Every structure is written in C-alpha cells, then in structure tokens.
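Me: Could you take me through one small part of this protein at close range, and then work outwards from there to its surroundings? I'd enjoy a connected account rather than a list.

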Amino acid sequence: MVKMFGLLAVAIIVVVALASCGAFSKKEQPQPTKTILTFLGAPGSGKGTVAEQCVKNFGYATMSTGNLLREAVARGDELGKKADAFMKAGSLVPDELVMALVEEWLTRNMPTITTLVLDGYPRTAAQATLFIDLLKSKFPEVTLRVVNIAISDDAIVARLADRLVCSNKPCQSVYSRKLLKDPTKLVCEKCGSPLIRREDDNETVVRNRLKVYADNIDPMIKVYKDSAVRFDEVNVEGKTVEEVFAEFKKLV
Ligand code: AMP
C-alpha cells in the first residue's frame, strides 16, 4: 500500500513537471524571427526617404501602399479604378481595398523578407487594428514596431512645394528640387525618366491630406499603445536626410 502511494506521488510529480515545461501544450507558438517597422508621419514628413535609406544601408525590404495604389491605377485594374478618385482628392482609399492589396503583397513577399519597412500603412486606427489581427493570424513570426516621424505642417507645405517624383511607375523615386545634382535637368538620377510633380502635391490637396492625417493619428497611436506595440519617435524638423537617418539608426 505504502509502495503504491509512493509510485502515485512520483507519477503526479512527473506529470506536474512535464505540464509546467509545456510538454502537453497543443501547438508551439513560433518565435518572432521577422520585424515589420511602420513609419507614422504626415505626407511629406520624409517617411519614404527614411525607408529608402533603410533599403540602401541595411538591405531592408520596403513597401509603400501609395506606390502599390498608384501602380494599380496605372494598370487600370478594378482596384485601381476604385482607388483613383479617392487619391485624386487626397482622401483615404477605403480600408478593405488597401487591406486586400497589403495582404496579397505580404503573402507573396514575406517568406523571403527578414525586416520590412512600411511606408504609409496603416493610416487609420481601423487599418492598424486589422493589420495587428492579420499579423497575429497569418504572420505570427513577425514583430511589429512603430516609428513616428514628427514634423510641423509649415515645414511639410514647404517641402512638398519642392518635391518631384520619377514619372516611371516601377521606379517612383522621390527628389527635392533643391537637392538635385543638376537642377537644370529634371530627370531621375536612377532611371533617367522625366521628373514630375505629383498630382496630389498641390496646396489644396496637401491641406486636405494633412487634415486627414491629423484626424487619424491619435486614434491610431491609441491602438498601438493598447496592443503593446513598441513605439518610438524621431523629430525631423530642420534636419538633413543624414541627420534624420543617424537618429533613426540609434533606434534600430
Ligand atoms: P502616399 O504616396 O503615401 O502619400 O499616398 C498617396 C495617396 O494614396 C493617399 O493620399 C491616399 O489617397 C492613398 N493611400 C496611400 N496609402 C493609403 C492607406 N494606407 N490607406 C488609404 N489610402 C492610402
């Protein structure tokens, strides 16, 4: 009898020990091995430039929903046709269209990416919530981090008045007129195509884009804070690209 109790006690101890080290848990959670960095920042704050520096200096991948949408508009597919009018007015394209585009892009590209920088997505609290849920359900190996690019509206309006973009849709490189190597030739320094002003960089549309941004930023930050997503800030007011990137490097 005493021996039986002894055996039973040993069996209980073994079961408790195995359970506490997770031996009976149904499914191992994958460890996060990839990072998605998303930049928050008003249009013209320089998110795209920091993203470009990340690609150049760290070999990160980058994705801009604005670029994907402009490509869809240029292709003239169903999604592009629906997005076109919203973009021309400087309003946000509906969440479900952007979500479809993002999910399709991530599914195709994430298997070969370790660190991805998102430029211009998520842009609303609803997009941030949908995105966090998408990562949890389909990309559990990804850790999300947010970097806020802080700058005043006046500095933005001045910057956008000087912004030029490459007219070649697969390139879409961005320049400041003042920083062109040869300001007499408005051509892309990467592919040689003509540089143009973006249709939505005129002052009326820029003011609307800034308003849309301001209306959405606080609720979106709340979503990140409530979901315990790491949140950092870089102040870019009056700084050169090199100075901004040096600050950003300290964070990553
Ligand atoms: P961007 O190139 O990031 O300045 O975006 C240009 C335009 O594309 C915006 O003014 C919106 O009309 C649209 N857009 C880009 N990203 C998003 C997004 N995440 N959600 C909704 N609309 C977007």
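Reply: **A loop residue and its surroundings**

Let's start with Asp201, which sits in the loop between strand 7 (195-196) and helix 8. The model is a predicted one, and every number below is computed from it. Is Asp201 buried or exposed? Its relative accessibility is 2%, and a residue under 20% counts as buried, so Asp201 belongs with the buried residues. Setting aside neighbours within four places in sequence, Asp201 is in contact with Leu160, Arg163, Val206 and Arg209.

Two of those names lead straight to a helix pair. Leu160 of helix 7 and Val206 of helix 8 both take part in the contact between these helices. Helix 7 covers residues 153-161, and its axis comes within 11 Å of that of helix 8, the two crossing at roughly 140°. The crossing is right-handed. On the helix 7 side the contact is made by Asp153, Ile156, Val157 and Leu160, and on the helix 8 side by Glu203, Val206, Arg207 and Leu210. Sorted by type, these residues give 5 nonpolar, no polar and 3 charged.

Helix 8 also takes us into the protein's interior. Running over residues 203-226, helix 8 supplies 8 residues to the largest nonpolar core, the largest share of it. That core has 61 residues, and those touching the most other members are Ile36, Phe39, Leu106, Leu116, Phe131 and Tyr224. As general background, nonpolar side chains in soluble globular proteins tend to be buried together. Not counting residues up to four places away in sequence, Tyr224 touches Thr38, Leu40, Pro122, Ala128, Ile132, Leu144, Val146 and Val229.

One of these partners, Pro122, has a backbone feature to check: the peptide bond from Tyr121 to Pro122 is cis, with omega near -15°. Pro122 lies in the loop between strand 3 (115-119) and helix 6 (125-138).

Beyond helix 8, in the loop that leads to strand 8 (230-235), is Ala228. Ala228 is not a glycine, yet its phi is positive, about 55°. With a relative accessible area of 70%, over the 50% mark, Ala228 is exposed. Gln172 also has a positive phi without being a glycine, here about 50°. Gln172 is in the loop between strand 5 (163-166) and strand 6 (174-176), and at 10% relative accessible area Gln172 is buried.

What about the cysteines? The structure holds 0 disulfides. Cys166 is in none, and its nearest cysteine sulfur, that of Cys191, is 3.5 Å away; a disulfide would need the sulfur atoms within 2.5 Å, which is why this pair does not count. Cys166 is buried, at 3% relative accessible area. Cys188 is likewise in no disulfide, with the sulfur of Cys171 as the nearest at 3.9 Å, and Cys188 is buried at 4%.

Finally, the wider view. The chain has 9 helices and 8 strands, and 42% of its 252 residues count as buried. Among contacts with a separation of 6 or more, 71% are between residues 24 or more positions apart. Asp201 gives you a local example of a buried residue, while Ala228 is an exposed one.

How values were computed
Residues numbered from 1 in each chain as written. Predicted model: local features only at pLDDT ≥ 70, side-chain atom pairs only at ≥ 80, totals over all residues. Heavy atoms only, no water. Core = buried A, V, L, I, M, F, W, Y, C linked by side-chain atoms within 4.5 Å. Buried < 20%, exposed > 50% of the residue type's maximum accessible area, 1.4 Å probe, protein only. Helix = DSSP H or I, 4+ residues; strand = E, 2+ residues; numbered from the N terminus. Contact = heavy atoms within 4.5 Å. Axes fitted to C-alpha atoms, helices over the stretch in contact; angles between N-to-C directions. Left-handed = near helix turned anticlockwise from the far one by under 90°. Nonpolar A, V, L, I, M, F, W, Y, C, P; charged D, E, K, R; others polar.
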